[in-house]
Amino acid sequence: MRPGLAGTLLAATLLCAWTLAGTAGEIAPADKRSDYVFMSRETQAMQDDDLVNPGMLFVLDGEALWSAKAGADNRACADCHHDATASMRGVAARYPAFDPEQGRPIDLEERINKCRTARQRATAFTWESRELLALAAYVAKQSRGVAIEASTDPRLRPFIDQGRAIFERRQGQLNLSCAQCHDDNWGRKLAGNTVPQGHPTGYPVYRLEWQNLGSLQRRLRNCMSGMRAEAYAYGSAEHAALEAYLMWRASGLAIDAPAVRP
Amino acid sequence: MVQALINVPPKARLGEVVEIKVLISHPMETGYRRGNSGEPIPRDIIHTLVCTYNGEEVFRAELHPAIAANPFLAFSTVATESGVIALTWIDDHGSSETRLSNITVE
């Protein structure tokens, strides 16, 4: 390659990288990107092949659980919801959804447990248990490729606003807000890692750091511990608000569960 | 039954190099970690994986604690005849699992 051409290409790449990186404020719709694009090619390849993606091992478990009878009524998910590939398509893209009983949004894991206790009359799965994650992975996988819809449910509005306030508030020993990294500095590096925009398109994710599948709430707790802030409890109202906001913020992006993340 | 995802191509031409992939659900506990109270968590890993092709061994791997959880292995072999490709793995408890796949060679 002639030096002139190489120099021009380098300049063009740097210009692209600079303009693609976040500037202060909310992410413009044209710049919205899944966390997938910020991963290395090797990690992307791991996610792309269903025979290599470790999250798929959990999907297999979830598929078995879907048909397993449980609870006082000896009922399986399949007894009411039949074929998950049809009945669950699009569900993960619409959650968290407002739950009238709790008066707040609930996420997919909470919804699964609600069915388990109310409909199957069985004991709820504990947070981050293999069974709950496997079922959530199986259900979420059915929405692969489906675009996340910005919720028009007016009951969710105050929670989305509350979630946004949490996202933009400085907190913890480092006095950092989520927005400062994920809205203002996505695409740039932090300790050698590229900062993603932080969209929950792939949950539950197989995080290589965990060597395991985990929920969005687990990841949010990790984020906050990393910021030296007090992490919210599993099933807390703050998590519900944050998840509702994050899904609203990710609208338009497609679900890619179960994702692999570094 | 331990979950595993196996990929053996169902068909191959005679003499073709085929890739076999296996992903096994296993915690691969190293034995170096400690629990919340400081108690050591005992080692529990898959230590051997063997692949046989119509009974003849074509691949063998020794795994050590450095291998991450849910180990993934990919290797190749030459398609010589139609038959059964068997994948067997053994863990520290001595329990072994075998998965059989059919391959048709034209």
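Which residue stands opposite Lys11(B) in E8(B)? Keep that question in mind; the tour starts in chain B. Remember that this is a predicted model.

**Before you start**

Colour chain B by pLDDT. The mean for chain B is 95, and 100% of its residues reach 70 or more. For the model, the scores are ipTM 0.90 and pTM 0.89.

**Stop 1: strands E2 and E8 of chain B**

Select residues 11–12 of chain B. This is strand E2. Now add residues 96–105 of chain B, which make up strand E8. The two strands run parallel, joined by 2 bridges. Click on Lys11(B). Opposite Lys11(B), in E8(B), stands Thr104(B). That settles the opening question.

**Stop 2: the hairpin**

Keep E8(B) selected and add residues 83–91 of chain B. You now have strand E7 of chain B. Here the pairing with E8(B) is antiparallel, with 8 bridges. Find Leu87(B). Across from Leu87(B), in E8(B), is Arg99(B).

Follow the chain from E7(B) to E8(B). Together the two strands form a hairpin, with 4 residues between them. Which residue in the turn has a positive phi? Pick Gly94(B): its phi is about 90 degrees.

While you are here, look along a strand. In a regular strand the side chains alternate between the two faces of the sheet.

**Stop 3: a sheet in chain A**

Move to chain A. Select residues 205–207, 212–214 and 260–261. These are strands E5, E6 and E7 of chain A. They build an open sheet of 3 strands in the order E6-E5-E7, with mixed pairing. E6 and E7 of chain A are the edge strands, and each pairs on one side only.

Zoom in on E5(A) and E7(A). They run parallel and are joined by 2 bridges. Show Arg207(A). Its bridge partner in E7(A) is Arg261(A).

**Stop 4: the cavity**

How many cavities of 30 Å³ or more does the structure hold? There is 1. The largest cavity has about 200 Å³ of space.

To find the spot, select Ala92(A), Tyr95(A), Leu108(A), Tyr203(A) and Glu243(A). Of the 15 residues in the lining, these lie nearest the centre of the largest cavity.

Now show two helices of chain A: H7 (108–119) and H12 (237–249). Each supplies at least two residues of the lining. Finally, colour the lining by residue class. It divides into 11 nonpolar, 1 polar and 3 charged residues.

Key. Residues are numbered from 1 along each chain as its sequence is written. Chains are lettered from A and ligands numbered from 1 in the order in which they are written. This is a predicted model: local features need pLDDT of at least 70, side-chain atom pairs count only at pLDDT 80 or more; totals for chains, interfaces and linings use all residues. Side-chain values use heavy atoms; hydrogens and water are left out. pLDDT is the predictor's confidence in each residue, from 0 to 100. On a 1 Å grid over the protein atoms alone, a cavity is a set of points where a 1.4 Å probe fits but cannot get out, and a pocket is an open set with protein on both sides within 12 Å along at least five of seven lines; lining residues have an atom within 4 Å of a point. Grid points are joined across faces, edges and corners, and a volume is the space filled by probe spheres set on the points. Ala, Val, Leu, Ile, Met, Phe, Trp, Tyr, Cys and Pro count as nonpolar, Asp, Glu, Lys and Arg as charged, and the others, Gly among them, as polar. Two strands pair if DSSP finds at least two bridges between them.
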